[in-house]
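Okay, thanks for coming, everyone. Let me put the structure up and then walk you through it.

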Amino acid sequence: MKRQTVHDLIGIGIGPFNLGLAALAHDIPNLKTLFFDKQESFNWHAGMLLDNARLQVPFFADLVTLSDPRSKFSYLNYKHARGRLIPFGIHEKYYILRKEYNEYCRWVAAQLSNLHFGCACESVRFIKTNKIFEVTIKENSSRSTLKFYAKRIVLGVGNVPNIPSCALPLISENIIHSSNFLFSKEKLLTKRKITILGSGQSAAEIFYDILQESDRFDQLYLFTRAPDFFPMDYSRFALEKTSPDYIDYFFSLSNNKKKEVLNRQNALYKGINFSLIADIHDSLDALRLMHPLKKIGLVTSSELKEISLLRDSPDKIKMNFYHQEMEKEFKHSTESVILATGYKYETPDFLQPVKELIRWNGDGLYDVKRNYSIDNNDSIFIQNAELHTHGFNAPDLGMGPFRNAVILNSILGKEHFKTERNIVFQTFGISELEMEE
């Protein structure tokens with residue numbers, strides 16, 4: 001790594017989004033890039049790489065294809081390189097296993113020399129005289145501190161587990177977040193009473209996974225505060241909203257209207273796969289015949305209010321819920337809890353030295369511009385931290401290549417990557433409807 005070189009961009013965090021950015025940038029002549037991640041290697045949600053878990057986006061929504069279908073880093077080229085392209089075609093699976101997506105990403109990462117794992121960012125500072133950023137990195141292995149320089153920063157640090165405040169002090173080997181499920185699974189299954197909290201894909205995947213271990217539990221419950229265990233909406237007009245056209249429309253709305261719209265769009269990005277719902281239902285039907293005495297339930301409209309350990313039996317957990325539709329409180333006892341309660345974004349501490357350069361909205365969130373920059377000079381960009389400004393497409397893997405194309409086009413000052421527009425049949429705004437009198 002050349003420390004004194006002024007790079008065109010430094011990416012901090014190497015998840016799928018910044019990995020895709022590195023892959024798209026790889027073949028751009030004279031573009032100097034570096035990417036750092038504190039983890040020792042690429043592993044995408046390693047604690048949730050369940051055997052049967054599949055992506056919620058199709059295989060062509062990989063790291064690069066939707067912005068550069070000729071890229072050698074496509075998923076289809078990965079299959080070809082592994083000698084498995086024809087079997088993949090025969091298999092006819094539109095949605096690939098999450099495990100294989102992780103392996104595909106690791107295959108891409110292994111080919112990029114500008115990625116550096118085991119390197120934690122300690123600070124980002126702006127040098128006004130040179131108009132460049134100084135990025136301080138600490139290597140995990142040597143504990144040595146290095147400094148690197150870049151004209152622009154792209155933040156891809158990802159989100160952190162969103163844990164209910166009442167459960168936060170009790171996190172332990174028996175009360176975990178879903179991000180650690182596989183690491184804790186064997187310990188959890190030594191308990192006979194298991195409870196899952198959540199309503200989305202992760203909660204359903206864990207529920208289904210434990211259902212396959214029916215001889216190892218007596219009680220299994222899944223609670224959600226949502227009114228339904230609802231499926232992801234894959235209808236064609238819904239999928240049209242996963243597009244640059246809809247992002248443009250959503251971005252044009254007022255901040256209050258954006259909040260209102262997002263609150264009613266859960267089925268577009270928080271739902272469960274239809275196939276997984278069917279698999280769960282089939283498993284429950286079989287278990288009802290084979291093990292009629294087991295207590296298995298899915299409970300909706302139930303919000304966790306309190307969780308505690310029994311003083312006389314510390315291995316027993318008491319949970320207090322409020323049923324939102326019945327307007328009643330109720331209690332539930334268990335021996336282990338899995339919090340599939342999602343993730344949230346936290347502004348990284350290393351941004352403190354450049355906090356005054358960043359645009360903030362009234363809610364204390366990034367005031368993200370349409371090109372995904374968060375400063376007035378288009379020099380600090382973000383990945384998957386713009387849900388409140390750009391809409392539900394922010395965490396969508398399939399829209400990652402589009403966002404990366406926009407970021408790279410902004411850095412290059414030209415449309416190096418073509419970004420498709422006017423691709424939907426729907427009209428989201430009113431400009432096209434305005435008629436001359």
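A quick bit of vocabulary before the hairpins: helices (H or I, at least four residues) and strands (E, at least two) are DSSP runs, numbered from the N terminus, and two strands pair if DSSP finds at least two bridges between them. Also, this is a predicted model, so please keep in mind that local features need pLDDT of at least 70 and side-chain atom pairs count only at pLDDT 80 or more, while totals for chains, interfaces and linings use all residues. Residues are numbered from 1 along each chain as its sequence is written, and side-chain values use heavy atoms, with hydrogens and water left out.

Right, hairpins. In the one made by β6 and β7, there are 5 residues between the strands, and Arg143 takes a positive phi near 65 degrees. The two strands, β6 and β7 (residues 145-150), pair in the antiparallel sense over 6 bridges, with Lys138 opposite Thr145 in β7.

On its other pairing, β6 meets β5 (residues 119-127), again antiparallel, over 8 bridges. Here Arg125 stands opposite Glu134 in β6. That hairpin has 4 residues between the strands, and Lys131 has a positive phi near 55 degrees.

So is β6 enclosed, or is it open? For β6 (residues 132-139), 7 of the 8 residues are buried, so the strand is largely enclosed by the rest of the structure. By buried I mean under 20% relative accessible area; exposed is over 50%, and partly exposed is in between (1.4 Å probe, protein chains only).

Helix α6 (residues 201-211) tells a similar kind of story: 10 of its 11 residues are buried, so the rest of the structure largely encloses it. Among the buried ones are Ile206, Phe207, Tyr208 and Leu211.

Now for the rings. Rings of Phe, Tyr and Trp (its six-membered ring) pair if their centres lie within 6.5 Å; planes under 30 degrees apart count as stacked, over 60 as edge-to-face and the rest as tilted. How many aromatic pairs does a search of the whole structure find? The search gives 29. One of them is Phe126 with Phe133, a tilted pair at 5.0 Å centre to centre and 55 degrees between the planes. Phe133 is buried at 0% relative accessibility, whereas Phe126 is partly exposed at 24%.

Another tilted pair is Tyr246 with Tyr249, whose ring centres are 5.7 Å apart and whose planes sit at 50 degrees. These two are 3 residues apart in helix α8 (residues 244-252), so about one helical turn separates them. Tyr246 is buried at 3%, and Tyr249 is partly exposed at 27%.

Ring pairs also link up a cluster, including Trp44, Phe60, Tyr94, Trp107 and Tyr234. Tyr94 lies in the loop between α3 (85-91) and α4 (98-110) and is partly exposed, with a relative accessible area of 43%. Together with Phe60 and Leu66, Tyr94 makes a nonpolar surface patch of about 280 Å².

Last stop: an open sheet of 3 strands, in the order β14-β15-β16, with antiparallel pairing. At the edges are β14 (302-309) and β16 (328-334), each with a single partner strand, so each has one side without a neighbour in the sheet. β15 (residues 317-323) pairs with β16 over 7 bridges, and Tyr322 stands opposite Glu329 in β16.

Conventions: Patches are made of residues with over 30% relative accessible area and no salt bridge: like charges are joined within 9 Å, nonpolar side chains (Val, Leu, Ile, Met, Phe, Trp, Tyr) within 5 Å. Accessible areas come from the Shrake-Rupley method with a 1.4 Å probe; for residues, only the protein chains shown count as cover. A salt bridge is a side-chain nitrogen of Lys or Arg within 4 Å of a carboxyl oxygen of Asp or Glu.
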